[in-house]
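Dear colleague,

I am handing over the structure below, together with a short account of what was found in it. Please keep it open beside the text as you read.

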Amino acid sequence: MADRREDDAIRTDRPTATTATAAVADGLPTVREILTLEAVAQGVPEVLSGDGALDARVRWVHVSDSAGVARLLVGGELLLSTGSGWPTDPAELAAFIAGLVEAGLSGLVLELGVHYRYVPAVVEHAAREHGLALVALHREVKFVTLTEAVHSRIISEQTAALRARDEVRERFTALSLRGSPADFIVHQLAQTLGSAVVLENLAHEVVASEVPPAAEQELFTRWEARSRLAHRRHEELGLAQGGGAGVAAAPAGGSAAHDEWLIVPVEARGVRWGHLIALPGPPHPAGRTSVLEQGAIALALGRLADGTADEWVRIGRQRLVDGLLAGRFAGLAGAMARLEAAGLPVAGARLRGLVVAGAAVVDGAADAAARALGGRAIDAAAPASAFPGAGARIVLLSLPVASAELSDAAVRGFASTLVGGDAASVDRLVVSMGAAADGLDGLLGSVQEAIDLGRGPRAREARGLVIRRAEDRPLMRLVTSLRDDHRLLRHSERMLAPLIEYDLARGGDLLTVLGAMLAHPGNRTAAAAASHLSRSVFYQRLALIGDLLGVDLDDGEALTALHLALLVRRSAVR
């Protein structure tokens with residue numbers, strides 16, 4: 001659910017000053033990079049105070065020997081000086097250095113030889129104490145040459161950054177105009193930034209992500225707790241200004257710089273829908289902050305265009321379920337972490353796969369129905385190859401162990417919530433349920449059982465809600481568990497090949513007729529009705545099937561072999 005911010009209800013949030021400054025800084029050189037310039041190298045530079053301070057960004061170079069230069073600084077400058085006008089008293093000199101740091105100086109370069117033969121100990125100590133980059137030049141250099149070199153570097157990088165920002169803005173504006181879905185925008189962000197990107201909703205559930213499969217387990221394990229910690233530190237750092245519309249790099253589980261997350265809110269017109277999170281990656285000419293902001297704008301425009309429909313949830317969960325069914329994950333642990341990050345408890349829960357067909361399922365109703373049972377659910381459209389034109393839905397259901405057993409009454413209540421309480425729709429539903437399972441591997445097996453159950457046609461004489469349980473179909477469960485065994489596949493092909501070839505060549509329905517006969521053993525009248533054929537035509541089809549296969553359709557062993565072969569064929573269809 002979106003979070004409406006009443007204080008800004010009619011304004012689309014713009015980047016704050018903090019955000020703009022951070023974006024500009026992304027394209028500025030660091031003190032460390034400036035020391036590599038040829039003009040600086042000629043002065044034989046010696047770093048006396050550095051480490052992390054050398055990574056400070058430099059927005060301009062200032063040349064001054066004045067003791068009052070601090071009042072002329074606005075922050076981010078590199079100061080070049082000979083020190084000739086500096087205080088002589090050690091206490092005043094220490095206070096002078098502290099004043100420079102307070103003014104936001106990025107680095108201090110002191111040329112030796114004209115006034116100082118060596119750097120005063122008090123200056124070196126104060127610089128280290130305050131974390132200021134201090135560099136001594138042992139040879140005389142022309143400050144104008146050094147200044148020109150640094151400014152040329154700054155201007156060229158800023159020009160390149162402006163071009164890059166224009167390109168990024170055009171790219172994501174085009175995505176907005178085309179109505180690109182959220183998962184594709186996240187994919188484009190990850191490609192542009194060269195790092196993992198996650199889109200989460202306000203409940204800290206992952207909506208869409210672009211993460212290397214090998215990194216999913218580490219990233220998504222305990223995602224909600226880690227995300228909340230990152231946001232809390234974000235707020236504690238005071239970087240979320242202007243009602244929280246700013247951008248910050250927040251530590252996510254560690255104090256090292258490589259553990260920082262870049263966080264951007266997705267919001268417009270005072271409504272916030274979630275956040276974009278970029279993991280550490282290489283620098284981008286446009287600035288990583290600017291790139292992520294453009295992605296957030298594209299996502300916000302998409303949400304405004306969607307109106308009340310929560311396309312984020314639909315697209316994100318569809319992609320998640322499709323990936324699980326297609327086996328597009330590196331390992332069970334990573335896939336399980338991804339599911340839990342999306343809001344579906346896996347560890348310590350009883351899991352089921354369901355297929356619901358026959359009536360339209362209300363958006364978001366599956367999770368609401370599961371919550372009524374004390375659990376959670378994720379649903380998505382079933383594969384069209386398995387349910388062509390049926391509009392079936394796959395539901396991944398997670399329930400507490402204490403309430404894992406679903407009675408027919410509980411299933412009816414669940415189904416009623418799925419269709420918004422419409423009694424007529426409930427009566428048209430067919431709910432196919434896989435067996436209860438533990439762990440992701442068991443859940444995938446349960447889903448496949450539900451899919452195999454759901455492929456069967458609804459009996460013509462059936463009235464009201466139809467509930468199919470895998471526990472009631474032991475042979476089908478066996479086939480599902482062995483569906484990729486080459487021996488079963490070979491048996492199915494050998495038994496059914498004549499019928500398959502006949503149907504393909506003539507557009508026949510022999511496989512359908514065989515399935516109806518096996519579904520109604522001993523009742524040929526019901527089997528003919530299920531095939532939508534008259535009894536005489538049905539018997540003609542059976543005679544043709546017997547001739548093509550060379551088997552006696554009244555023989556129990558032959559029927560068992562054919563039933564097994566047909567179940568294997570249905571299960572093998574992806």
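**Aromatic rings, nonpolar cores and one helix**

Arginine 338 lies over the face of phenylalanine 220, at a distance of 5.4 Å from the ring centre. Please bear in mind throughout that this is a predicted model.

Turning to contacts between rings, the structure holds five aromatic pairs. One of them joins tryptophan 223 and tryptophan 261, which are stacked, with 5.2 Å from centre to centre and 20° between the planes. Because tryptophan 223 belongs to helix α9 (residues 223-236) and tryptophan 261 to strand β10 (residues 260-268), this pair ties together parts that are 38 residues apart in sequence. Tryptophan 223 and tryptophan 261 are both buried.

Phenylalanine 538 and tyrosine 539 also pair, and since their ring centres are 6.3 Å apart while their planes stand at 70°, over the 60 degrees that the term requires, the pair is edge-to-face. Phenylalanine 538 has a relative accessibility of 0% and therefore counts as buried, whereas tyrosine 539, with a relative accessible area of 36%, is partly exposed. Elsewhere, Trp86, Phe96 and Tyr116 make up one aromatic cluster.

What of the nonpolar cores? The largest nonpolar core has 30 residues, of which Leu199, Val266 and Leu276 touch the most other members. At least two residues of this core come from each of α6 (143-178), α7 (182-193), β7 (197-201), β8 (206-210), β10, β11 (271-278) and α10 (288-306). Another core, of 26 residues, lies apart from it and includes Leu324, Ala342, Leu344 and Ala386. As general background, nonpolar side chains in soluble globular proteins tend to be buried together.

Helix α9, already met through tryptophan 223, can be followed a little further. Its 14 residues should span 20 Å at 1.5 Å a residue, and because its end C-alpha atoms are indeed 20 Å apart, the two values agree. Which residues of α9 are buried? They are Trp223, Ser227, Ala230, His231 and His234. Viewed down the axis of α9, these buried residues fall within an arc of 95°, and so they line one face of the helix. In general, an α-helix has 3.6 residues a turn, so residues three or four places apart point the same way. The face of α9 that is turned away from the buried side carries the exposed residues Glu235 and Glu236.

With kind regards

How values were computed:
Residues are numbered from 1 along each chain as its sequence is written. This is a predicted model: local features need pLDDT of at least 70, side-chain atom pairs count only at pLDDT 80 or more; totals for chains, interfaces and linings use all residues. Side-chain values use heavy atoms; hydrogens and water are left out. Rings of Phe, Tyr and Trp (its six-membered ring) pair if their centres lie within 6.5 Å; planes under 30 degrees apart count as stacked, over 60 as edge-to-face and the rest as tilted. Helices (H or I, at least four residues) and strands (E, at least two) are DSSP runs, numbered from the N terminus. Buried means under 20% relative accessible area, exposed over 50%, partly exposed in between (1.4 Å probe, protein chains only). A charge sits over a ring if NZ of Lys or CZ of Arg is within 6 Å of the ring centre and within 35 degrees of the ring normal. A nonpolar core is a set of buried Ala, Val, Leu, Ile, Met, Phe, Trp, Tyr and Cys residues joined through side-chain atoms within 4.5 Å. The expected span of a helix is 1.5 Å times one less than its number of residues. The arc is that of the directions from the helix axis to the C-beta atoms.
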